[in-house]
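Please open the structure in your viewer, set it to a cartoon display, and keep the sequence panel beside it. The tour goes from one selection to the next, with a short account of what is there at each stop.

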Amino acid sequence: MKLDDRRESSNVDDRRGGRGGAAVGVGGIGALLIAGLIYLLTGQVVDPGSLMIDDGTATTTEVQFTQEEQELASFAKKILAGTEDVWTAYFSKNGYGQYQSPTMVLYTGTTSSGCGTGSASMGPFYCSADQCLYIDLSFFTSMKSQLGADGDFAYAYVIAHEVGHHVENLLGILGQAHKQMSQQSKEKANQTSVRIELFADFLAGVWANHDNAMFGSLEPGDVEEAIRCASVIGDDYLQKKAQGYAVEESFTHGTAKQRMNWLNLGLKTGKIESAYPDIFQRQYSKL
């Protein structure tokens with residue numbers, strides 16, 4: 001990606017270097033994967049409070065950041081700034097009201113959130129309670145080493161996916177989905193979760209389309225990086241990698257093919273309405 005001379009967002013809470021001592025409990029699908037791989041690599045949308053247990057303790061440790069870590073922090077801030085520019089213009093132009101930017105929290109190890117205690121083992125997540133997205137930058141190293149998903153646009157896709165959940169939240173889609181899930185069977189709730197995740201993938205693609213139109217940010221090979229990333233964070237791929245087989249009823253984020261297709265659709269069309277024409281009526285069948 002071409003990011004030279006791009007601004008960095010000021011909507012950032014940099015907590016790196018502080019390590020909380022809270023215990024984190026992960027159950028369900030997370031238990032199927034080595035070291036919480038699904039949470040590490042899929043950007044969980046369901047508020048993670050149900051996955052966390054806070055023991056009320058915390059410690060702080062001084063950490064010296066490498067040049068690579070500082071470059072990743074700058075990169076993340078520039079991508080967040082790009083989402084602010086794109087979604088502010090898109091909301092205004094299309095009558096969705098005023099866009100309210102989320103805060104990006106950079107942290108190391110564990111941190112507190114409006115949804116409970118966040119852990120690096122969960123990977124990036126969005127909390128609708130405080131409208132923040134949380135990222136331990138070591139996640140990007142894990143993407144590369146564990147799944148071979150690398151490249152700046154692949155990393156940008158991850159951030160844009162979480163911002164996509166924020167867009168869903170502002171439009172009332174995320175709250176409606178959470179309400180539905182609380183009233184559904186586990187299988188049906190998983191299906192609702194898949195639709196929300198795929199729509200966030202789509203919104204990441206919409207953002208990339210407009211960011212490129214505004215700034216000429218995409219370079220040859222960038223799209224392939226993001227598509228490759230989407231292909232290795234599908235539920236079917238991750239479950240087969242972890243346990244040798246996939247259980248469709250337990251999918252919460254969609255298959256590799258679905259994630260690639262929805263990201264690519266957003267990239268090609270650049271329009272929310274192309275996938276979700278009845279957005280304010282919460283018609284999830286479109287996804």
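Two strands are said to pair if DSSP finds at least two bridges between them. Keep in mind throughout that this is a predicted model.

**Stop 1: the open sheet**

With that definition in hand, select β1, residues 12-14, together with strand β2, residues 103-106, and you will find that three bridges join β1 to β2, the two strands running parallel. For a single example of such a bridge, pick out aspartate 14, whose bridge partner in β2 is leucine 106. Now widen the selection to the whole sheet, which is open, has four strands in the order β1-β2-β6-β5, and shows mixed pairing. At its edges lie β1 and β5 (125-127), each of which pairs on one side only. If you look from one strand to the next, the twist averages 20°. As general background, strands of a sheet pair through backbone hydrogen bonds, either parallel or antiparallel.

**Stop 2: the hairpin**

Next, select strand β3, residues 110-113, and strand β4, residues 116-119, which pair in the antiparallel sense over four bridges. How many residues lie between β3 and β4 in this hairpin? There are two residues between them. Within the pairing, threonine 110 stands opposite serine 119 in β4, while serine 112 has threonine 117 of β4 as its bridge partner.

**Stop 3: a helix across the sheet, and its neighbour**

Add helix α2, residues 67-93, to the sheet that you selected at the beginning. This helix lies across β1, β2 and β6 (132-135), and α2 runs at about 170° to β2. Then add helix α4, residues 152-170, and look along both helices: the axes of α2 and α4 come within 10 Å and cross at roughly 45°. Because angles from 65 to 115 degrees count as roughly perpendicular, and those under 35 as roughly parallel, this angle fits neither group, and α2 is oblique to α4. The crossing of these two helices, α2 and α4, is right-handed. To see the side chains involved, display residues of α2 including Leu72, Phe75, Ile79 and Trp87, which belong to the set that meets residues of α4, among them Tyr155, Ile159 and Val163. The residues of this contact of α2 with α4 divide into 13 nonpolar, one polar and one charged.

**Stop 4: a second helix pair**

Move on to helix α5, residues 173-182, and α6, which pack at an angle of about 165° with their axes 9 Å apart. Since an angle over 145 degrees counts as roughly antiparallel, α5 is roughly antiparallel to α6. Here α5 passes α6 in a left-handed crossing. The contact is made by Ile173, Leu174, Ala177, Gln180 and Met181 of α5 and by Ala189, Thr192, Ser193, Ile196 and Phe199 of α6. Which kinds of residue make up the contact of α5 with α6? They divide into seven nonpolar, three polar and no charged.

**Stop 5: a salt bridge**

Finally, show the side chains of arginine 6 and aspartate 211, which meet in a salt bridge at 2.8 Å, N to O. This pair links distant parts of the chain, since arginine 6 sits in the segment before β1 and aspartate 211 in helix α6 (residues 186-215), 205 residues apart. The structure holds six salt bridges.

Conventions:
Residues numbered from 1 in each chain as written. Predicted model: local features only at pLDDT ≥ 70, side-chain atom pairs only at ≥ 80, totals over all residues. Heavy atoms only, no water. Axes fitted to C-alpha atoms, helices over the stretch in contact; angles between N-to-C directions. Left-handed = near helix turned anticlockwise from the far one by under 90°. Contact = heavy atoms within 4.5 Å. Nonpolar A, V, L, I, M, F, W, Y, C, P; charged D, E, K, R; others polar. Salt bridge = Lys/Arg side-chain N within 4 Å of Asp/Glu carboxyl O.
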